[in-house]
Amino acid sequence: MVPRIKICCIASKEEAALAIEAGASAIGLVARMPSGPGPISDEMIRSIAASVPPPVATFMLTSETRVEEIIKHHNRTNTNTIQIVDSLSEGTYTQLKEALPAVKIVQVIHVIDESSVNEATQISRHVDALLLDSGNPNLAIKELGGTGRVHNWSLSRKIRVNAFCPVFLAGGLNPLNIIEAIRTVEPFGVDICSGVRTNGKLDPVKLNAFIKNVLDS
């Protein structure tokens, strides 16, 4: 099965249209973060999401950790998917799903060591998908994605094998390593930000090369 393709850090309606035309089945819209590339305003997220045709998924990346605040954040942006980039600190996934039954919930797992495998397996029972990234939420200034770093794909494969839901692979992907990444992990989907950008802008040449290699994998 060819993995689904998510292009993240979309900053405008024009970038969204470019990604979708190239073959993306999902786009990522980054809200306020403690660090990392691509944050845009909630108003811009809402505007871009409204311009995206079904069945393309619109992921709103939130750093909120309390369910009550995640719900409020979604109500400001109105995407069809919420990507939670940090661990829940208050509330449950069940409460989130009950409040937003039509919205898909994707939890980011920052793949650091074997403990990440256990964490991911447990959480996978309660969400619609996992997204495996290379951040580190334990730092003084949290890294919650967009690092451009590759993590240990053998751990990602363990998570994919053990998970009870679909798994997206992110973290340092680019047109040159994506075939190896897919063959190693066999994810449901792949997610990329900086690997298809030049000077912060979505690069059509890199974008098309990435998508071609995903399709060829």
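Which side-chain oxygen reaches to within 2.9 Å of the backbone nitrogen of Val205 at the start of α8? That one belongs to Asp203. Keep in mind throughout that this is a predicted model.

**Close-up 1. The start and span of helix α8.** Asp203 sits at the start of this helix, with a side-chain oxygen within 2.9 Å of the backbone nitrogen of Val205. From there, α8 takes in residues 204-216. How far apart are its end C-alpha atoms? They're 18 Å apart, and that agrees with the 18 Å you'd expect, because 13 residues at 1.5 Å a residue should span just that.

**Close-up 2. The two sides of helix α8.** Here's the buried set: Leu207, Phe210, Ile211, Asn213 and Val214. Looking down the helix axis, the buried residues fall within an arc of 160°, so they line one face of α8. Flip over to the other side and you'll find Val205 and Leu215, both exposed. What do the buried residues pack against? Quite a list: the strands β1 (4-7), β8 (189-192) and β10 (201-202), plus the helices α1 (13-22) and α7 (178-185).

**Close-up 3. Strand β8 and its partners.** β8, one of the elements that the buried residues of α8 pack against, pairs with β1 in the parallel sense, over four bridges. Within that pairing, Arg4 has Gly189 as its bridge partner. β8 also pairs with β7 (residues 167-169), again in the parallel sense, this time over two bridges. Which residue stands opposite Gly189 here? It's Phe168. Throw in helix α7, and β7, α7 and β8 make a right-handed β-α-β unit.

**Close-up 4. Both faces of strand β8.** In a regular strand, side chains alternate between the two faces of the sheet. Are the faces of β8 covered or open? Both are covered: Gly189 and Asp191 are buried on one side, while Val190 and Ile192 are buried on the other.

**Close-up 5. Val117 in helix α5.** Now over to α5, residues 114-123, where Val117 is found. Buried or exposed? Val117 has 6% relative accessibility, so it counts as buried, the cut-off being under 20%. Setting aside its neighbours within four places in sequence, Val117 is in contact with Leu155, Lys158, Ile159 and Asn162. Ile71 is another story: this residue is 46 residues from Val117 along the chain, and their C-alpha atoms are separated by 27 Å.

Key. Residues are numbered from 1 along each chain as its sequence is written. This is a predicted model: local features need pLDDT of at least 70, side-chain atom pairs count only at pLDDT 80 or more; totals for chains, interfaces and linings use all residues. Side-chain values use heavy atoms; hydrogens and water are left out. The expected span of a helix is 1.5 Å times one less than its number of residues. Buried means under 20% relative accessible area, exposed over 50%, partly exposed in between (1.4 Å probe, protein chains only). The arc is that of the directions from the helix axis to the C-beta atoms. Contact means heavy atoms within 4.5 Å. A polar contact is a pair of N or O atoms within 3.5 Å; within protein, one must be able to donate a hydrogen and the other to accept it, and residues adjacent in sequence count only if both atoms are side-chain atoms. Two strands pair if DSSP finds at least two bridges between them. A crossover is right-handed if, with the strands pointing away from the viewer, the path from the first strand over the helix to the second runs clockwise.
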